Amino acid sequence: MTRKIVSTGRGGTGKSTFVALMSRYLSPPSLLIDLDPDLSLADMLGIDLTKVGKRTIVEALYDAVKERQRGGSPLTPVEDRFKGFMWGDCLYEGRGFDVITLGTKDMEGCYCFPDHLLRKTISELSKNYKHVVIDSPAGLEHLNRNIVSQIDDLFVVLDPSDKSLIHIKKVKAILKEVGMMYDHFYLLANYMFDEEAEKYFKEAGEIYLGKIEYDPKVEEYNLKGEPLNKLPEDSPACRSVRKILEKAGLI
Ligand SMILES: Nc1ncnc2c1ncn2[C@@H]1O[C@H](COP(=O)(O)OP(=O)(O)OP(=O)(O)O)[C@@H](O)[C@H]1O
Ligand SMILES: [Mg+2]
């Protein structure tokens, strides 16, 4: 069975870093899905998608629509054309994990159609993987988009502010509203937490799995564009992510 994992939280808390670090510990094969228009996850993993000729879901969809408008075969619906692009053009196949990115909306209208395709694509693609990990953009809008209908492990990466408490409540309310089911709802403290803040969130009434430790090398690597999978095994951030994944029963 494929385990579906989502990393979410407020802006800049460390969601993508968590996913990038997680990818080295999950048993392969894993599919990492970047829903952030900034496409930062691939960068963190040292993958230059453009260089290897990969496109985002939105770009492929844009081309499928364009092709159809130019008078492509009327018997080939946009959706089928898109599927053709999808496998070769969007899916980056790496060692241990594959990556796919949603991209930035550059078409008229809402994300409904790309989301619909992504939902279908994910459910088809997922069958080939042990783990599907979604890196969310900041904010909560992505939850409304219901890209996966059932989540096994939802990680909320918190920063030490009372806004994080409000955020937890909002996440729960949206999940309920859109009818998104989940098995586990986990809180994680980001690297900015001190002991006092940790104590506060431990008492928030949710399962608290621990803190992602501060690691100057993470900052340095992200700044220089060095892939996080090159971090040494004894990096405090890596060690803490490993511990968190063990607690969640993911490794
Ligand atoms: N454990 C850590 N130790 C030190 N710095 C960290 C750690 N985790 C994240 N950072 C730093 O925090 C910043 C934000 O991290 P990241 O991009 O992972 O957050 P995010 O939640 O994905 O952001 P966004 O909301 O923009 O998607 C980065 O500059 C990163 O280097
Ligand atoms: Mg991010």
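# A tour from strand β6 outwards

Start by selecting strand β6, which is mostly covered, with 8 of its 9 residues buried. Keep in mind as you go that this is a predicted model.

**Stop 1: the neighbours of β6.** Strands of a sheet pair through backbone hydrogen bonds, either parallel or antiparallel. Add strand β1, residues 3-9, to your selection: β1 and β6 pair in the parallel sense, over 5 bridges. Now click on Asp 153 in β6, and you will find Ile 5 standing opposite.

Next, select strand β7, residues 181-189. This strand runs parallel to β6 and is joined to β6 by 8 bridges. Which residue of β7 is the bridge partner of Asp 153? It is His 184. Further along, Val 156 has Leu 187 in β7 as its bridge partner.

**Stop 2: the link between β6 and β7.** Show helix α7, residues 162-178, together with the two strands. β6, α7 and β7 make up a right-handed β-α-β unit.

**Stop 3: the whole sheet.** Carry on from β7 to strand β8, residues 207-211; these two strands run parallel and share 4 bridges. Ala 189 is the residue to click here, with Lys 211 of β8 opposite. Now colour every strand of the sheet. The sheet is open, has 8 strands with mixed pairing, and follows the order β3-β4-β2-β5-β1-β6-β7-β8. Where does the sheet have its edge strands? They are β3 (92-93) and β8, each of which pairs on one side only.

**Stop 4: the nonpolar core.** The largest nonpolar core holds 61 residues, and Ile 57, Leu 188 and Val 241 are the ones that touch the most other members. Strand β6, residues 150-158, gives this core its largest share, 6 residues. Zoom in on Ile 57. Leaving aside neighbours within four places in sequence, Ile 57 is in contact with several residues, among them Cys 90, Ile 100, Leu 102, Pro 114, Leu 117 and Leu 118. Thr 101 and Gly 103 are also included in that set of contacts.

**Stop 5: ligand 1.** Finally, select ligand 1 and the 20 residues around it. Which of them come nearest? Look for Gly 14, Ser 16, Thr 17, Ala 138 and Asn 222. Two helices are worth showing as well: α1 (15-22) and α9 (216-224) each supply at least two residues of this shell. If you colour the shell by class, you will see 7 nonpolar, 9 polar and 4 charged residues.

Conventions. Residues numbered from 1 in each chain as written. Chains lettered and ligands numbered in written order. Predicted model: local features only at pLDDT ≥ 70, side-chain atom pairs only at ≥ 80, totals over all residues. Near = placed C-beta within 6 Å. Nonpolar A, V, L, I, M, F, W, Y, C, P; charged D, E, K, R; others polar. Core = buried A, V, L, I, M, F, W, Y, C linked by C-beta atoms within 7 Å. Buried ≥ 20, exposed ≤ 12 C-beta atoms within 10 Å, placed from the backbone. Contact = placed C-beta atoms within 7 Å. Pairing = 2+ DSSP bridges. Right-handed = clockwise from strand over helix to strand, strands pointing away.
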